[in-house]
Each structure stands twice: as structure tokens, then as C-alpha cells.
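Got the model open in your viewer? Keep the selection box handy and follow along, stop by stop.

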Amino acid sequence: MAQPLVKKDDDRDDEAEYSPFLGIEKGAVLQEARVFNDPQLDPRRCSQVITKLLYLLNQGDSFTKVEATEVFFSVTKLFQSKDLGLRRMVYLIIKELSPSADEVIIVTSSLMKDMNSKTDMYRANAIRVLCRITDGTLLTQIERYLKQAIVDKNPVVASAALVSGIHLLQTNPEIVKRWSNEVQEAVQSRAALVQFHALALLQQIRQNDRLAVSKLVTSLTRGTVRSPLAQCLLIRYTSQVIRESNTQTGDRPFYDFLESCLRHKAEMVIFEAARAITELSGVTSRELTPAITVLQLFLSSSKPVLRFAAVRTLNKVALTHPMAVTNCNIDMESLISDQNRSIATLAITTLLKTGNESSVDRLMKQITNFMSDIADEFKIVVVEAIRSLCLKFPLKYRSLMNFLSNILREEGGFEYKKAIVDSIVILIRDIPEAKESGLLHLCEFIEDCEFTYLSTQILHFLGIEGPKTTDPSKYIRYIYNRVHLENATVRAASVSTLAKFGAMVDALKPRIFVLLRRCIFDSDDEVRDRATLYLNTLGGDGEVVETDKDVKIFLFGDLDIPLVNLETSLKNYEPSEEPFDIDSVPKEVKSQPLVEKKAPGKKPAGLGAPPAGPPSTVDAYERLLSSIPEFSNFGKLFKSSSPVELTEAETEYAVNVVKHIFDRHVVFQYNCINTIPEQLLENVSVIVDASEAEDFTEVTSKPVRSLPYDTPGQTFVAFEKPDGITAVGKFSNMLRFIVKEVDPSTGEAEEDGVEDEYQLEDLEVVAADYMMKVGVSNFRNAWESMGEDFERVDEYGLGPRESLAEAVSAVINLLGMQPCEGTEAVATNSRSHTCLLSGVFLGNVRVLVRLQFGIEGSRDVAMKLAVRSEDEAVGDAIHEIVSCS
Amino acid sequence: MILAVLFANVEGNILIERVELEHCCRFSGVPAEERLHWRSFLVKLGADNLKGVRNEELLVASHKSVYIVYTVLGDVSIFIVGKDEYDELALAEVIFAITSALKDVCGKPPTERLFLDKYGKICLCLDEIVWKGLLENTDKERVRRLTRLKPPTEF
């Protein structure tokens, strides 16, 4: 491997090829810089010294404050020279030295002079240097010149001023915003780059003014745009306007413009347009087709950059519209052998998303060859894609699980192994058939696992899942081997796992006791302590009795105390006669991890970033709710919705709500954040008006006592509803609180506060809230085994719809059920479609739904809905949901 | 934003490293070890992929949500790192501007020695092409004139 940090001066002794910087040394160069002070300047010599200084800076040498100041002062003397080449170097070195604020003043006058010079190039460069080193006060002095420069007839001067404007907008927005008339004029410039820079600046100045941006886009899409770069910007702004216009019906504004850009001569523009189209919200297959077609052509381009761009875009499309990308599968398969690994990985993960059940085996064969020669970070991406593929086609678990276990045995770093283990664990949880083989793969892995963290995680998981299998005894050997061969952490984890087997499987108990007793003599105290503890709690003193419920809870139950609270209590505990009482630890969760705020105006960043998986917050919610006494008699939590934003992004208070559904109650959990540092909110509650939700009666609410800046807090409101009815309705919400001013210097709040209110958006409880998305691995089997006793079939006319796909997704969303076997995707141009759904309805009743759709020429969609469930009433309820909406 | 422009010789030694975000000195404010990680990532990327590549053939990669377009010209490999609007296509434009200017300055695909001889000129070209993370000039004629403080010919 090359050594990137080795300086150029200590290699190469070949005389002919020696470096001009051979033996360069900072001290000597600083000495040489004294030539800048000569009364008779030698421009050539000075330029050479500046080059050496640049070389040192580029090599990562840093100058001390004193050195930098000295060099800077000498450099300023060079303004006396009229030599053009030297002057250009002076501008560059001043920027590189970035003088401190108190030194800037020395060059300001020289630069100001250059800025008004008759030589255009002096002006342009002086602007760039001044804007780089200036601060706000100086900026007001030169603002007048900058405004003139923006409309200067020399494009270099105009560009210099515009690009400076883009940078200054970050630090002095109020000043730059005053230039919008000049910038507007520059947008019309005939010079291509001026237009490009002006467009970028103008959009940034006006980005918060939707109307202005919309006008800008409208005028430019009709006018002439002179460079591909500017055209790309225009496309980007156009899609922003489309996003914000939110028109649901009729033709999408500007779509024709985007579509016409697909035929532009510059590849950059074509790609930008194709991406903009694929990212349109609710894009239809008709709109997608032209974009996919051009991308497909680029897949076989000879230029890697174009192939990469195409496959990257298609990879994103495959996340949302897998069927639209299937046409490109053949081209994509040939990319698996692409020399560029980034392209190959993207192609594979795209294929994994778009492939159908029959192509899985072939694909896996190709991937196996490919895996051996890519880096870990790419392998992780592939593993994650395989995990989701397996969840999509559960019947294929055997070959996919085998693949995972094979790669688990190969060399790899921690992150990679963790991704594989996580995937196997998820597959075991979600596909019951895969459990036994998956557990055995994990057992084999810990026999030779170098990562303590993974070993302990797997042992813990084995303890929970192993005893529930048909033959738990076969795992014991693997677990007990760890007690002999591993470090103390893993040994302790093995002891706990053994104890769990003992507690759950009575037949194994005597043998487990023997093993645990051996652990009493372990060299590590934690291992000994655990063994002793479990022997006592399980009754290992000889008698084999059935394990107590309490013991099982002790072994398997979650620690229902937040660790932070436990830590605080332990720290506060002073050693005394009185033992530490775990019941004294408060159970209330003080703050919850923030849900990611949605930002509708922003484009999703990042490449190939995996979609955020479903958060495993259900347990956390359940624990949180059960710790609140007011809700303790509501029974078992059926479902918690994902958070719904009740405020726009970047408002004073950010509030979202989670709907918790119980049999006879609904609890709204409002997660609030105060984003104003100068305020402290107290007694924060949400006043809910349920006049449009007749079936609901408010029973209790629980305010947050104090909500300091940037610390999330939760307030709750609970409603009662009739048992077994899928009550729906609309709730309007008002945040009420007492606001106290906070002194920013001390952080202390004032004594007195003022009561205030803040209007939040409305919230709806819909039928889908009573349905849990739970998939089945084989729909047909499940459907047959459910029987037709409680089958309810009916037909519905859905009226004219935009497309079949749109109708299908509307019904899926309405019912809130899990689509099975990839049937949520509708093939382009198909006239009929069958969609299979599965879910669990309130009261833990399994429901299966078969939807058959047909579309006529007039776009009228008809639907046949067949429901099978364990409870007749639930079948009726499903039909009622559909017929009422 | 163009995050960085890096020139390295065949052995992977850094010739020029320009990092474009000024408040956060070097590689967008990342701490030194992360910067080293980046450097060695780029150099390794070059070592793995640039063998046998023709002059100016563009290669592309992505790493942690940024894009990297890189190529080789004579004895010098050139890497450009960008994110957001500077995606692989925009970076291809930037690298094209850089390679054309480089050929213009050196008169041919440079040896390492030639590159170092023209070091000052090359720094000036870079200064004209990329300025604080934004693409400023693309045309080599224009860049050449600008580095000599001559006004561009066309306007």
C-alpha cells in the first residue's frame, strides 16, 4: 500500500527525475519569503516562493500564528508590483493564508483599489479575495461595488460577484438578499456561466418565497437556458415547485417540461430530468415510463459514470415501483460482472428488489460468485437486500438462509457479521419454518466467533427461542461449550442461557443443574454469581419442581425500569444498613428517542441508503403506557400507530402524535419539543375537541410538567370508546401551556409565566388504526386453513380512478393490512389484478382478504372483496369499512 | 458542494489536496483521523482500480453518501469528492475541466516531474475552476487566460 502521508521530499533519488521541491523545508521557505520586502521586487523569484508556500500548505504543513502573520504582511507588499502573473499568485496566497480579522485591514485598501480598477481581472479577483476574508462590517462598505459587479458586462466579474454572493448568503443573508434585483437581471445574461451562478443565487435568496420560485421557474422553462448546468438547476427547482404545489388532480404542472428535458443533448440534463420524474410524489406508471426508458439505455453505456448514475437512479425507483424497473432486469444482470464494484452492488441490490420468486435461485448463484471479491461495506448492502427479499418471498427461505449461513462462515469484519446475524434473527422471528435451521446456523457460528458482542447476543436469543423448539436439548452442547472455551463475558451469558432452558423445559432440568453446578467453580466471579443465583431460583438443591411463574418472569421478563433512572438511583444510593430497593426507582420514561422529523421540502439525501426499517418501538410504548397509573386498567395495548406530525417542520414547537389503540380505549401520545432556547414551557397539555368524533369520550389527560428547550416531553389524552366497534372520527388539537422567559446567559427561567396556546393540526382515527399489519408466509395455505365458514364476499364499484395501481394502493391503505407475496405491485398496463392482504384485527382476530380488481376503458374500477376471518363480525366490519368510504 | 479535490502520484503520495469548505478546515470539518481515513480510502480506491485505466477514463464510486469521480492523467491520479447537487455527473464535468486545464498547462499528460514544475500554475487553474466548493469556470481557454489575469475572449 502506498503511504499517503509521506511527503514528496523524502523519496526519489533519481537525479534526472528529482522533484523541484526536493528537500523543501518550512523554515527555509519562510526565510526566502523575505524577498517580498525587497525594494526592487523580482516577480519571478517572488512567484517561485509563493509556489513553495502553496506546496507546503497543500502538503498539510501549518504555519504558527506568528509565521502566518509575518508571511501575510510581506505578501501585502507585493501589491506594489505591476506584474500580472505575480498579482494573480498574490490573490491566491492571500486566500490560502486566510488572515485573521485584525490583519485583514492591512490588505483591505489594496483590494478595494483593485476592486475599482479599470482592469477587469483585478476587479474579479479582488472581489473573490475580499469576500473570502471579509466580515459583516466591511461588507456593508463594499456592497455597492458588489451590486455593480453582478451586472458587470464582463462575465468573469459578474460570476465572481455572484459566487461570492452564494457564499456570503450563509453568513450575511440580510445583505445579500438586498441584491435580488441585480441577480434577477444577471439570470437573463447571455453568458452561460453567469446565468448558472445567478440562477443558483436567486433561488437561494428566494427559497422561502414559494410564489417567487414558482414564477422564476415558469419564466425560465419558457425562456432560454444557456448551459446544461443551469438547466439541471432549473429542473431541480421545478421539481421543488411541483412538490410544493400538491395538485392531486389533473395533469401535473411542468411534467411536459421535465419530459422534454429527457431529450436534451447533455447527459447531465437527461439524468436530472429522469431523476426528477422518478421522485415525483405519487408518480404514475405512464409518467415513469419515458424516464425509465432513457435510464435503461444508459445501463449499457461505455462510460462508467453514466452506468453508475443510471443504476443508482433505478435502484431508488425499485424501492417504490419495483414493477416499473423489471424491464431493465436483463441489462442489470449483465452489470453484475461490471468491473466497477459500486455499479455491480447497485445492480444486485436492484435486482433483488425487482426479481420475482422464480428468479431468486439463479440470482443467488450469481451473487455467491460476486461476494468473494467485494469489500465489507458492499457486502452489508447485499445482506440487507437479501433479508428483505426473504421476507418478501418466505417460501424461498431455505436457499436464502443457506446463503446467509455460508457467508457467515467466511472472513469478515464485525459490522458485516453483525448484519448477517441480525438478518438471520429477523428471518427466524418472521418465518416460523426457518426457526430451527436458523438457530442451528447461529449455534455453529458461535463455536468459532471472535466477536464477544455477537456471541452474547446470540446466546441471549437462543435462550428465548431455543426452549420453544421441538428438541431443545440439541442446543445445550453448543451453549455449554462456551463455558469452557470463551472469555468471562460470554461464559456469563452462556450460564444465563442454560438457566432459561432449565426454567422452560422441565425434562432438561436435572441435566442443566449438573452443568450449572460445574459453573460454580468458574474463575470469574460474575459467572459464579450467576450460576449460584440460577441454581437457587430454579430450585437446584435436588428437587425437580415445576418452575415458578415468578422465576420465569425474573428470567425472561424485561427490566421494566429505564436504565437511566436505575443508574441515577444507584448513584444516589448511599451505603447503609438499608438495602437498595429496586421498587423505589421511578418507572416513568423521561425522554423518548426522537422520531425523525419529516421534511417534505427536502430531497432524500444519501445514496442507496436502506429504507428505515419499522422501528421496534412497540415494546417501548407498551412499557411506557403501563408505567402510567391512569392507563393501567386499559388492558393490553393492541397497536400503536407511527407518529403523525401535527406541526410543520421548523416551527416554534414541534409536535407529533402516536395513536395507541386498546380494546375499549384510545390514547393519544403527543410528543412535544420546544425549539425556542429563550423559553421554558410548563404545564403543557393538549386540549382536544372531539365534537367530530361522537363515539369517543375523553376520560383523562396527563400534562407534561416542564418542557425545557430541545428536550422531548410527552403529554397524553385518553378516550373511551364502545367495545368492539371500529369508531372513527376527527379530533382538533390545541397545545396549551405556561411560557416563561429564559435568560440565555444564565439559563434560568423567570418566576412568572404567561398562559398561551398554539394551534395544532387535526388528527383522525381511521379504520386502519384497528388493523395490525401481520403477513403470512403462504397465503394460499392460510386461506385454505381458515375455511369458508366465515367468508364474506361482495362487489364494489370504485368509480373512475387514475390507474389500477392507484386504486389498489388506495384500498390497501384504507384497510391498513399487509400485502402478501408482492401482490401490492400492479403490472403496467394490466387490466385486472389480484391482491392478497393479511392482518390482525382489534381483539387479535386474524383476517385474510382477497381483492380482485378490474378496470374498464373509461377508467372505472370494479372490485370483488372476499374476507375470511376467525370471527364473523370482523368480516362484516371489513366490508363496512369499504362500503362506508 | 464539492468537498475535496485531490491529486496523487502513482505511489499514492498526495501532490495537492484542496479541501473546499473553509470554516470547517479540511474535509468538511471532519476530525483529523476521519480525514486520514478519507485520504487512504481514496488512495486505496485508486490503487485498486486505476491500474491499466486509459488517460481521462472516468471511474466512479460512492462512499457514505458522497460521490467520488476519479481518473488518471499521465503519472497523476485525480480524485474529486462531492455531495448533494455535485453528484457523479456534475463531478464528471468538474474533472473534465480540471484535466483539460492540466493538459493545457503541461502541454501533455504530465509526468510527476512536469506536474511539480508547473505546480504554481496548476494551483491557479484549480483556483479558477473550483472556488470554495462551487464550480466556477469550465472552459480551458478561459481558465488559461484568467490565470494570466487576461480577460476572456468571448463576451
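Start by selecting H6 of chain A, the element that gives the most to the lining of the second largest cavity, with four residues. (Helices here are DSSP runs of H or I with at least four residues, strands are runs of E with at least two, and both are numbered from the N terminus.) What you have on screen is a predicted model, so local features need pLDDT of at least 70 and side-chain atom pairs count only at pLDDT 80 or more, while totals for chains, interfaces and linings use all residues. Residues are numbered from 1 along each chain as its sequence is written, chains are lettered from A and ligands numbered from 1 in the order written, and side-chain values use heavy atoms, with hydrogens and water left out.

Now show the rest of that lining. From chain A, pick A:Met121, A:Ala124, A:Asn125, A:Arg128, A:Val156 and A:Ala160; from chain B, add B:Glu128, B:Glu136, B:Asn137 and B:Leu146. H6 and H8 of chain A each supply at least two of the lining residues. The space inside comes to about 50 Å³. A cavity is a set of points on a 1 Å grid over the protein atoms alone where a 1.4 Å probe fits but cannot get out, and lining residues have an atom within 4 Å of a point. Points are joined across faces, edges and corners, and the volume is the space filled by probe spheres set on them. Colour the lining by class and you get five nonpolar, two polar and three charged residues. (Ala, Val, Leu, Ile, Met, Phe, Trp, Tyr, Cys and Pro count as nonpolar; Asp, Glu, Lys and Arg as charged; the others, Gly among them, as polar.)

Stay on A:Arg128. Which residues of chain B does A:Arg128 pair with in salt bridges? One is B:Glu136, with the closest N and O atoms 3.1 Å apart. Another is B:Asp127, at 3.2 Å; that pair crosses from helix H6 of chain A to helix H4 (residues 119-129) of chain B. A salt bridge here is a side-chain nitrogen of Lys or Arg within 4 Å of a carboxyl oxygen of Asp or Glu.

Zoom out to the whole interface of chains A and B. The rule finds nine salt bridges across it, and 49 over all chains. Select by contact (heavy atoms within 4.5 Å) and you'll light up 66 residues of chain A and 55 of chain B. About 5600 Å² is buried between them, 61% of it from carbon and sulfur atoms; buried area is the accessible area (1.4 Å probe) that two parts lose on being put together, summed over both. On the chain A side, click A:Asn58, A:Arg88 and A:Val305, which lose the most area to chain B.

Last stop: the largest cavity, about 100 Å³. Closest to its centre are A:Ser239, A:Arg243, A:Ala276, A:Glu279 and A:Leu280, out of twelve lining residues. H13 and H15 of chain A each give two or more residues to this lining, with H13(A) giving the most, four. By class, the lining has three nonpolar, two polar and seven charged residues.

Notes. 1 Å grid on protein atoms, 1.4 Å probe; cavity = no way out; pocket = protein on both sides within 12 Å on 5 of 7 lines; lining within 4 Å.
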